[in-house]
Amino acid sequence: MLQPSKNDSYIIEMKNITKIFPGTRALDRVSLKLRKGEIHALVGENGAGKSTLMNILTGQIPMDEGEIFMEGKSLRLTSPEEALKNNIVLVPQELNLVPEASVAENIFLGNENIRFGFISSGITQRKAKELLGLLNVELDVTQPVKELSAAYQQLISIARALAYTPKVLILDEPTSVLTNVEADNLFRAMKTLKRHGTAMVFITHHLDEVMEQADRITIMRNGELVEEVPVDEITKDEMITKMAGKKVQQLKRVKRSVSDEIFYEAKHLSRKGEFEDISFSVHKGEILCVAGLVGAGRTEIFKCVFGITQSDFCSQTYIEGKEVSINSPEAAIAYGMGYVAEERRHDGIAPGMSVMENMVLPSYGQLRKHGLIDYGQAVALADQYISEMSIKTTSRDTLIKNLSGGNQQKVIVARWIAKGVKMLILDEPTRGIDVNAKGEIHNLIRELADQGVAVVVISSEMDEVLAMADRIMVIHRGKVSGFINDVDSTTQEDVLKVAFQ
């Protein structure tokens, strides 16, 4: 039996945690110590074991070996409910709200305010406003969450966690969809929780946030503990190298030449309440980056482009100079278009299907032989892209939900490369992806463009936009604020000036 440390300032000690899944050792004797009133960053590449370790701490999966202590006492968690009883609360990376329920109902879902045997809507709404106030968020708490942006839904998820009065709060990529202002409000709330003794595990691929907000850092790689270090004793570059096990090439701009030939052109796209009078074109072999604040309407515009939604008013769409009607994703695919959605879990992957099945979904038509799917051809296609794109999976038959976020994203991109698309729209393609996988995705995008594919990248990361774009389209409040053609000499401030002009 392992023993807790004598230092009673540790609220959580995870000692020598091991977890084995079929075909892989996800965690190999990993230890994590968490102090009261600290922000402890847990960093590592996708697939390093961070989520597995936190799933054990929150009772979602059992460990195979090791011991957990809470405030010096042995803790055995067999369910998420037990973790909540111990005030251990997780804010997951993927949104898990009930779309039809109100803001207040979502915040207190499973943690209802009971008065005289009934749920008190008045108390629920009042307390919901108080919790959102900690995050400096003003919302009508009676409105359904389906009417809100992903950023607001993320803030509601955080408020839900705060409703449990956590002793241990685990934040998994909490700022991935937040604006800078919203992220700053979250960081202020974290500092308030810290002063009140709450221990926080902060999981993020935004390493600048780690350097600015964390007290200590635990670095993981390939299911193993690499190092635990105070934040002031390590640099960002050192952290990246330890995460990857090698020196990682930093994001750099590459000068490219682009064809004058236009593949796609839209004129006067409009959709009431979302965007208005949007006109733009994308050249063959061009990387068009779409910039703007979260909620500016970028995603909504390109859902319309791909036929998921329809333009309300008189508009025109041209493919290679010919006017066409794209009123469904099927029509868009038939014209050679592909779409990688922002919400990978809900709109990208089919979680109950294998890596191979996810990869060949849009290609079944070209894999038919005598009216049946040619399984051998599907296997060859999947194996080819698993190899070419360095997708980390034990097998082509592994369920895609068991892959890390970065590898899931590679499968989705491979899906459209295998299909042979002529235009690919990628919405936040590196959201929640580690620095090494991010570089691999960027290289894939450039390779596609070099082959003549028209590529649209919607991104909230300005460094990514400035490094990848041949041209930038700036969206603000549902309208095109302008285009930036000379990206080589453009700064982040220049893009913001265009947005607000």
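Q: In this predicted model, what relative accessible area makes a residue buried, exposed or partly exposed?
A: The model is predicted, so keep in mind that the values here are computed from it. A residue over 50% relative accessible area is exposed, and one in between the two cut-offs is partly exposed. To be called buried, a residue has to be under 20%.

Q: Is C289 buried or exposed?
A: Start with the cut-off: buried means under 20% relative accessible area. C289 has a relative accessibility of 1%. That puts C289 under the cut-off, so C289 is buried.

Q: And what about C304, buried or exposed?
A: Use the cut-off of under 20% again. C304 has 6% relative accessibility. So C304 also counts as buried.

Q: How many disulfides does the structure hold?
A: Here's the idea: a disulfide is a covalent bond between the sulfur atoms of two cysteines. To count as one here, the two sulfur atoms have to lie within 2.5 Å. The number of disulfides in the structure is zero.

Q: How many residues of strand β15 are buried?
A: β15 covers residues 287-291, and it is largely enclosed by the rest of the structure. Its two faces are both covered. On one side sit I287, C289 and A291, on the other L288 and V290, and all are buried. The count of buried residues in β15 is five of five.

Q: Which residue of β22 stands opposite V290?
A: β22 takes in residues 454-458, and β15 pairs with β22 in the parallel sense over four bridges. V290 belongs to one face of β15, together with L288. Across from V290, in β22, stands I458.

Q: Which residue of β23 stands opposite A291?
A: Strand β15 also runs parallel to β23, residues 471-476, with four bridges joining them. A291 is on the β15 side that includes I287 and C289. Opposite A291 in β23 you'll find V474.

Q: Which residues point the other way from I39, A41 and V43 in β3?
A: In a regular strand the side chains alternate between the two faces of the sheet. β3, residues 39-43, is mostly covered, with five of its five residues buried. I39, A41 and V43 point one way, and the residues pointing the other way are H40 and L42.

Q: What is the bridge partner of H40 in β11?
A: β3 has parallel pairings with β10 (residues 199-203) over three bridges and with β11 (residues 216-221) over four. On the β10 side, I39 stands opposite M200. In β11, the partner of H40 is R216.

Q: Which residues line the largest cavity?
A: The search of the whole structure turns up two cavities of 30 Å³ or more. The largest has a volume of about 60 Å³. Its lining has no nonpolar, one polar and five charged residues. By name, they are Q93, E94, E342, E343, R344 and R431.

Q: Which helix gives the most to the lining of the second largest cavity?
A: This cavity holds about 30 Å³ of space, and its lining has nine nonpolar, no polar and no charged residues. Among those lining residues are L135, I158 and M190. α5 (150-162), β9 (168-172) and α6 (180-195) each supply at least two of the lining residues. With four residues, the one that gives the most is α6.

Q: Is N16 buried or partly exposed?
A: N16 lies in strand β1, residues 10-21. N16 has a positive phi of about 55° although it is not a glycine. Its relative accessible area is 23%, while buried would need under 20%. So N16 is partly exposed.

Q: Where is R477 found?
A: R477 has a positive phi too, near 50°, and R477 is not a glycine. At 73% relative accessible area, R477 is exposed. Its place is the loop between β23 and β24 (479-484).

Q: What radius of gyration does the chain have?
A: The chain has 17 helices and 24 strands, and 54% of its 501 residues count as buried. Along its principal axes, the C-alpha trace spans about 70 × 50 × 50 Å. With 501 residues, a compact globule would have a radius of gyration near 23 Å, which agrees with the value for the chain, 24 Å.

Definitions and conventions:
Residues numbered from 1 in each chain as written. Predicted model: local features only at pLDDT ≥ 70, side-chain atom pairs only at ≥ 80, totals over all residues. Heavy atoms only, no water. Buried < 20%, exposed > 50% of the residue type's maximum accessible area, 1.4 Å probe, protein only. Pairing = 2+ DSSP bridges. 1 Å grid on protein atoms, 1.4 Å probe; cavity = no way out; pocket = protein on both sides within 12 Å on 5 of 7 lines; lining within 4 Å. Points joined across faces, edges and corners; volume = space filled by probe spheres on them. Nonpolar A, V, L, I, M, F, W, Y, C, P; charged D, E, K, R; others polar. Rg over C-alpha atoms; globule rule 2.2 N^0.38 Å.
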